[in-house]
Amino acid sequence: MSGDALGAAHGAAHGAAGAAPDWAAVARDLERDTGVRAAPDRPLADFTTMRVGGPADLVAIAEDAAALAALVRFARLRRLPHTIMGRGSDLVIADTGVRGLVILCRADACRVDGARLVAESGLPLARAATLAQKAGLAGLEFGLAIPGTVGGAVWANAGAHGSDVASVLESVDVLRADGTERTDPADSLDLAYRDSRFKHAAGEGSAAGRGAAEVILAATFRLVPDDDAAIKARMDEIRRWRREHQPLSLPSAGSVFRNPPGDSAGRLIDACGLKGRRVGGAEVSRKHANFIVNAAGASASDVRGLAETVRAEVARQFGTKLEYEVQFVGDWPEQTQEVA
Ligand SMILES: Cc1cc2nc3c(=O)[nH]c(=O)nc-3n(C[C@H](O)[C@H](O)[C@H](O)COP(=O)(O)OP(=O)(O)OC[C@H]3O[C@@H](n4cnc5c(N)ncnc54)[C@H](O)[C@@H]3O)c2cc1C
């Protein structure tokens, strides 16, 4: 059955052409077709580390990779805008929320196979690091520092402490835009500094267009056998360093800006005297200038407004146009649409 035919078959949930879908009806259809329950009009702030943002029209939780694929296929067939979220640690949700279906990826099955760790995309990277350590496999220690999922980490080629996903990733299982599933080797993913081909998929950057993007179902990491106590000692050191240098007691989305070539965004922001600068409840961290923290009930527009202020000030004082590392997701007002 074609997408159009299927859309027509399920048309009852959509109402008249152009009208907003009846999300309660979509939720019923979604449960019938995928077995996954979905909640209409669900606030998203608590599903993000920045703790800001409004509701999604519909939220569904994928508990395994098969459910993740089924939910995405359901949304694609109906041409519903849909957004995948891992732990929401690299994004800021708009105060007005996100239109369409938000799929929270909690698919977290994991197994160790020789020197390989195979994980579904919703496994927290820190848990992957701990499982690898317990199996006496080195290479994922840096993952302890990253409060996101395996899927989010591959998407961004997350990294820390001199390593990144690219250094240990062997392959990923992908649900492609044409609906097929494939295992792609890491060297086909264009992994670079906080970058991958997933970030540049067709349609990426708009809520509706996100539907065309590829979905990461699982990842295989190639690790190196090592003494588990030695691995644990390295992880303890990473934990200590993070506590000392990052504002971990306040909500944030990690580094707001990418480091410009040969420099550090934090250094530039600090040199502008912006540590402690506030907009509403959002504050430039006094501990790490490239972090914006939710210091006191910030709104998403406080965070965005402060980020834009920082960006303008760095451009004014240094002539450097910082690019965003975090993503602004959802219905942002027109004047703030531009994301470098
Ligand atoms: C305190 C703190 C410290 C941090 N430190 C670091 C650091 O040292 N290094 C670093 O690199 N990052 C760091 N981050 C940022 C963040 O944790 C990483 O980018 C992480 O990889 C994001 O994963 P996530 O699951 O939260 O993704 P989300 O924020 O939920 O999503 C990010 C993007 O990935 C996409 N995505 C997520 N899962 C999938 C999937 N299965 N398939 C397709 N697309 C998907 C989403 O659609 C979205 O576009 C930090 C964040 C915080 C809050």
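**Notebook: strands, sheet, core and ligand shell**

I began with strand S17 (residues 282-284), which three bridges join to S18, the two running antiparallel. Helices (H or I, at least four residues) and strands (E, at least two) are DSSP runs, numbered from the N terminus. Two strands count as paired if DSSP finds at least two bridges between them. The model is predicted, and local features need pLDDT of at least 70, side-chain atom pairs count only at pLDDT 80 or more, and totals for chains, interfaces and linings use all residues. Residues are numbered from 1 along each chain as its sequence is written.

**Entry: around S18**

I looked up the connection and found that S17 and S18 form a hairpin with six residues between them. Glu283 has Val293 as its bridge partner in S18. S15 also pairs with S18, antiparallel, over two bridges, and there Ser252 stands opposite Val293.

I then checked burial, where a residue is buried if 20 or more other C-beta atoms lie within 10 Å of its own, exposed if 12 or fewer, and partly exposed in between, with C-beta atoms placed from the backbone. In a regular strand the side chains alternate between the two faces of the sheet. Strand S18 (residues 291-294) is covered on both faces: Phe291 and Val293 are buried on one side, Ile292 and Asn294 on the other.

**Entry: Gly276**

Gly276 sits in the loop between helix H8 (265-271) and strand S16 (278-279). I asked whether Gly276 is buried or exposed. Gly276 is exposed, because 11 other C-beta atoms lie within 10 Å. Neighbours within four places in sequence aside, Gly276 is in contact (C-beta atoms, placed from the backbone, within 7 Å) with Glu283, Val284 and Arg286. Its C-alpha is 8.5 Å from that of Ala289, 13 residues away in sequence.

**Entry: the five-stranded sheet**

I traced an open sheet of five strands, ordered S6-S7-S13-S11-S12, with antiparallel pairing. Strand S6 (110-113) and strand S12 (181-185) are at the edges with a single partner strand each, so one side of each has no neighbour in the sheet. The twist averages 15° from one strand to the next. Axes are lines fitted to C-alpha atoms, for helices over the stretch in contact, and angles run from 0 to 180 degrees between N-to-C directions.

Six bridges pair strand S11 (residues 169-175) with strand S13 (residues 215-222) in the antiparallel sense. Leu169 stands opposite Phe221 in S13. H3 lies across strand S7 (116-120), S11, S12 and S13, at about 150° to S13. Helix H4 (residues 125-134) packs on the sheet too, touching S6 and S7, with its direction at about 150° to that of S7.

**Entry: the core**

I looked up the largest nonpolar core (buried Ala, Val, Leu, Ile, Met, Phe, Trp, Tyr and Cys residues joined through C-beta atoms within 7 Å) and found 98 residues. Leu68, Val92, Ile103 and Val303 have the most contacts inside it. Helix H3 (residues 65-77) supplies the largest share, seven residues. Ile103 touches residues including Leu68, Leu71 and Val72.

**Entry: the ligand**

I counted a residue as near the ligand if its C-beta atom, placed from the backbone, lies within 6 Å of it. Of the 35 residues around the ligand, Gly86, Gly148, Gly151, Gly152 and Gly254 come nearest. Among the elements giving two or more residues to the shell are helix H5 (150-156), S13 and strand S15 (252-255). H5 gives the most, five residues.

Note on methods: Contact = placed C-beta atoms within 7 Å.
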